Structures are given as structure tokens and as C-alpha cells.
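Work through the exercises below with the sequence and the model in view. Each task is followed by a solution in steps.

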Amino acid sequence: MAEFTPQPSCADAHEPNSLSVQEARQRIKNLITPITTWEKRSLRDALGYILAESIISPINVPPHNNSAMDGYAIHGSDLSDKPVTVKQVGIAFAGQPYVGSIKSGECIRIMTGAMMPDDCDTVIMQEHVDVNDSSITLHGTHSIGQNVRSAGEDLQQGEEVLTPGHKIMPADLGLIASLGIAELTVKRKLRVAFFSTGDELRSIGETLEEGQIYDSNRYTLYGMLKRIDVDFIDMGVIPDQKAALRQALQLASKQADVVLTSGGVSVGDADYVKEMLTELGHVDFWKIAMKPGRPLAFGKINDALFFGLPGNPVSVMVTFYQFVSAALQQLAGLPEQASQHMQVNCVSTIRKRAGRFEFQRGILFQDERGLTQVKTTGEQGSGILRSMSVANCFILLEEQCDGIKPNTTVTVQPFSGLI
Ligand code: AMP
Ligand code: MG
């Protein structure tokens, strides 16, 4: 009689070979070496890329003292407690400085951004003067040096403005343009290849036969990858056949820095992903004490990192956000980011068994007093993708937690902070 070997199942509360979420994160970190290849890109084309150099300001920004207001430039020493009348001797526009001297008792009309004449140190807003024929009378109280922006007040010449590892955002494009820099040295983008596995899967546009379902994982993966600025190769659906899987994994690992698959990673009779990873590369781990997302095969094939995500649609998203996204950032050379957690009151009852970390889907809302609270989205099955769609946060429940009673403080991770 054949000997019966118990296999791990998603229903087990605790399985001894599972890693904790923390251990799994650490194992992934240990296996990653950030890419070093860089390229030159013109400023606009560098949006979303990661700087591979320091940006040092070659100039002062602004390059000269200038007026912060439309008004009149005067000698601050002319100010007095009594109303002062000064003669207007000229005018300065932004880009058209006033040439000539301005004596005590004189002023020029000056526009916002116009260069301050050397003789003057103070600008009076036009709303605070009475304009006569060729002179103005100041009213109100003023102080010497007011309404003047100093040279270098935004950026000093020689200052390090951006450091290597910084991701170029819209503000940076403007900042770098203000320095007159047209070209940047950046890290090349990561290439991520992904495919779904499963004989039951059909792509949208195809007709479903009995027992078949539409492939949704490639669409959520597309969406999540698109948001983090990587180049990706969508390899479609691969059937549950060893030869097809072998060929797809080899091809993917030669073309990409990271290979992501979904499905076929559990212990069913047609689950070949882990076996193929063992044959073609190296399995670092494949079980995590978490729900959803217990079977997650992680390792390397050739030089590519490999994540065999579970097949269930919610598990794909949870494992991507909890492991893959940080790994992609580390590989791309971005500094590690602390994930944003909040402590809030949970108004729902949550059922949970101790022994595994759970990422339940929750909805943060404001109660009638304006306080932020959280409730569960309800059914937490890992096939219920709608729970991700209606949720706006994960409720993080530690391994030892064995359920939540209403009005207990819980830790949540808002989706708005997920990349
Ligand atoms: P597996 O891990 O391959 O056993 O898949 C677990 C569950 O997820 C099964 O019900 C699959 O039909 C489902 N599944 C796997 N891949 C996908 C996919 N790409 N889109 C939607 N459901 C999937
Ligand atoms: Mg499958």
C-alpha cells in the first residue's frame, strides 16, 4: 500500500516549513543586487527614471536679486515714520533691467521677477503707494529689505540638488530645467516578463467553453506594473504542460530582469511551476505563513529573479504589493521605503486563526465625528477580486492574532501608499 505523505494545504493554520512574512522579505532582499547599467537621457525623457548621478547646481537660482512684487524699488534708508515721497526715475521689467543710478529720494517702478538695481534694497507693493505725476508717496509701515528675493535663495551654486537613486518626478524636471541642464545619467528601466498559467484560462475576446474562465491576473499585473514604470513583456497564457512552461520560463528569463507567473505553484496534479523552477534555476522558498498568498515560489532562473505568484486573483495582488513591488524598487536602485501603516479603530468582527499573517481587505471611512475608522469588505476568499476593488486598505493581522472584536485598534496599510 502506498504511504500517505501529508501535503501542505491552504486550509492548514500552521505549516512548519512556511517562512514568516518578515523572513520572506529578508530572503528576497538578500538575493537582489541592484542593476548598475546606466544611460544618458534628455531631460523630458528622464521622467520616471532613477538618477545615476548627483545633480550639482552650476548656477545660483535665482541668479540675481529680484522683486517679489509689482511695485517700486527704493533705498530702504529713505523709509520714515511719516509719509515719504520719492521721485520715479525709471522702470524695470522681468528680463529688462533698469540701467542707471538711483539716488536717495528716488525710486524706479519694478515688476515681479525684474532684477533689483544695485542701488536699491527694498520694494514697496504698488497697493501701498499713491501715484503722483512723476513721484510716489508711500503709506503704511515697511521694513528695509522687504519683497526682495535673494540670488541663490532657491538653489546655491555648487549645491547638491538631487542625489543618485532619486526617481525623477515632475517637480524635478522643472528643478533641473531651472539649472539649465538638458541631459541626465539615469539607470535603465527594469524589464519584467509575465505570464499566466492554467489550462482553464482564456483571454478576453475568446469564447468560454465549459469549465473555462477568463484570465484576470495578467490585467491586474499589467496595472500594477504600469504604475511603477517598468518595461514589461506580456507573454500571454501558458498551458499546464511541463514542456510549454519550460520553454516560456527559459525565454522569459533571457529577456527580462524579473519573471512573474501566476498559478500552478501549489500542490495540485497540474502545478508544475515549482518543479520547473527547481529544474531550470534555484528555489529560495515557496511557502509563507500568510493568507492569502501562501504558495509563493521565489528564486532565480539564469540571471532573472523569479516570482511564481499564486493563481487566485486576490493572492496575486497581495503578494505583488507585499513582496514584488519592494523587490522591483530595490533592483532598480531606489532607496528602501517604509510602508505607510496607520492604527485605526476597526468596527467589524474579523474571524482569523493564529499561525499565519493575514492581509484582509478593509474600507477606511470617516464616522459622523470625522474620525477615521475601518471596516472589513466582508467575504475574504482569495478568489473574490471584488474585495480588492471595493477596498481601500489592507487590514494587517499578525500571526498570533486569533480574531478581532468590534472596536479594537488594528494596523492598516492604505492602498493610496502602495506603489
Ligand atoms: P492554481 O494556483 O493554478 O491552482 O490556481 C488557483 C485558482 O486561481 C484556480 O481557481 C484558478 O482557476 C484561478 N486562476 C489561476 N490563474 C488565474 C488567472 N490568470 N486569472 C483568473 N483566475 C486564475
Ligand atoms: Mg492552475
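**Exercise 1. Ligand contacts**

Find the distance between an oxygen atom of ligand 1 and a polar backbone atom of Gly-264.

Solution. Step 1: the distance from the ligand oxygen to the backbone atom of Gly-264 is 2.8 Å, which counts as a polar contact (a pair of N or O atoms within 3.5 Å; within protein, one must be able to donate a hydrogen and the other to accept it, and residues adjacent in sequence count only if both atoms are side-chain atoms). Step 2: turn to the side chain of Glu-200, where an N or O atom lies 2.5 Å from an oxygen atom of ligand 1. Step 3: at Gly-311 the partner is a nitrogen atom of ligand 1, 3.3 Å from a backbone N or O atom. Step 4: the protein buries 75% of the 480 Å² that ligand 1 exposes when taken alone (Shrake-Rupley accessible area, 1.4 Å probe; for residues, only the protein chains shown count as cover).

The model is predicted: local features need pLDDT of at least 70 and side-chain atom pairs pLDDT 80 or more, while totals for chains, interfaces and linings use all residues. Residues are numbered from 1 along each chain as its sequence is written, chains are lettered from A and ligands numbered from 1 in the order written, and side-chain values use heavy atoms, without hydrogens and water.

**Exercise 2. The shell of ligand 1**

State how many residues surround ligand 1 and sort them by class.

Solution. Step 1: the shell holds 14 residues, a residue being near if one of its heavy atoms lies within 4 Å of the molecule. Step 2: Glu-200, Asp-215, Ser-216, Asn-217 and Gly-264 are the closest. Step 3: four residues are nonpolar, eight polar and two charged (nonpolar: Ala, Val, Leu, Ile, Met, Phe, Trp, Tyr, Cys and Pro; charged: Asp, Glu, Lys and Arg; polar: the others, Gly among them).

**Exercise 3. The sheet with strand 13**

Give the strand order of the open sheet that includes strand 13, and explain which strands stand at its edges.

Solution. Step 1: the order of the six strands is 16-13-17-21-20-18, with mixed pairing. Strands are DSSP runs (E, at least two residues), numbered from the N terminus, and two of them pair if DSSP finds at least two bridges between them. Step 2: strand 16 (231-238) and strand 18 (281-287) each have a single partner strand, so one side of each lacks a neighbour in the sheet. Step 3: on average, neighbouring strands of this sheet are turned by 15 degrees against each other, direction ignored (axes are lines fitted to C-alpha atoms; angles run from 0 to 180 degrees between N-to-C directions). Step 4: six bridges join strand 13 (residues 191-197) to strand 16 in the parallel sense; Phe-194 has Asp-234 of strand 16 as its bridge partner.

**Exercise 4. The sheet with strand 5**

Repeat the analysis for the open sheet that includes strand 5.

Solution. Step 1: six strands run in the order 7-4-6-5-9-8, again with mixed pairing. Step 2: the edges are strand 7 (122-125) and strand 8 (129-131); each has a single partner strand, so one side of each is left without a neighbour in the sheet. Step 3: the average turn between neighbouring strands of this sheet is 40 degrees, direction ignored. Step 4: strand 5 (residues 84-92) and strand 9 (residues 135-138) run antiparallel and share four bridges, with Thr-137 of strand 9 as the bridge partner of Thr-85.
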